[in-house]
Amino acid sequence: MKTQSTLELSDVQAIAAAAQAEAQKNKWAVSIAIVDAGGHLLHFQRLDGAAPISSHIAPAKAKTSALGQRESKIYEDIILSLIHI
């Protein structure tokens, strides 16, 4: 039988802190969304200067990545390749 790891609160806090540190180091004004394997939101943070729309985009991208089990950019690339045919 296969087992699935789950994120605990301490994991989520560590991931969020690392993501915030990376964003601040690179001067990125972004929103950070962390979801579980089912795409359910576990943490959300909109950093100073992030566009208001990012509060909708970040959780949606995180859910897409979790459910698709790959980066959401892959889907963007597929769509763009279809447009350029």
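Modeller: Before we start, a pocket here is an open set of grid points with protein on both sides within 12 Å along at least five of seven lines, and its lining residues have an atom within 4 Å of a point. Also, this is a predicted model.

Colleague: Okay, so which residues line the largest pocket?

Modeller: The lining is made up of Ile15, Ala19, Val30, Ser31, Ile32, Ala33, Ile34, Ser54, Ile57, Ala58 and Lys61. Two or more of the lining residues come from each of α1, β1 (31-35) and α2 (54-68).

Colleague: And what's the volume of the largest pocket?

Modeller: About 230 Å³.

Colleague: How many of its lining residues are nonpolar, polar or charged?

Modeller: Eight are nonpolar, two are polar and one is charged.

Colleague: Switching topic: how many salt bridges are in the whole structure?

Modeller: The search turns up two. In one of them, the side chains of Lys25 and Glu22 meet at 3.4 Å, N to O.

Colleague: Where do Lys25 and Glu22 sit?

Modeller: They're in helix α1 (residues 9-25), and because they are three residues apart there, about one helical turn separates them.

Colleague: Is Lys25 buried or exposed?

Modeller: Exposed, because its relative accessibility is 60% and the cut-off for exposed is over 50%. Glu22 has 35%, so it counts as partly exposed.

Colleague: What about Lys73 and Asp77?

Modeller: Their side chains also form a salt bridge, at 2.7 Å, N to O. Both residues lie in helix α3 (residues 73-83), four residues apart, about one turn of the helix.

Colleague: How accessible is Lys73?

Modeller: Lys73 is partly exposed, at 43% relative accessibility. Asp77 is partly exposed too, with a relative accessible area of 37%.

Definitions and conventions. Residues are numbered from 1 along each chain as its sequence is written. This is a predicted model: local features need pLDDT of at least 70, side-chain atom pairs count only at pLDDT 80 or more; totals for chains, interfaces and linings use all residues. Side-chain values use heavy atoms; hydrogens and water are left out. A salt bridge is a side-chain nitrogen of Lys or Arg within 4 Å of a carboxyl oxygen of Asp or Glu. Buried means under 20% relative accessible area, exposed over 50%, partly exposed in between (1.4 Å probe, protein chains only). On a 1 Å grid over the protein atoms alone, a cavity is a set of points where a 1.4 Å probe fits but cannot get out, and a pocket is an open set with protein on both sides within 12 Å along at least five of seven lines; lining residues have an atom within 4 Å of a point. Grid points are joined across faces, edges and corners, and a volume is the space filled by probe spheres set on the points. Ala, Val, Leu, Ile, Met, Phe, Trp, Tyr, Cys and Pro count as nonpolar, Asp, Glu, Lys and Arg as charged, and the others, Gly among them, as polar.
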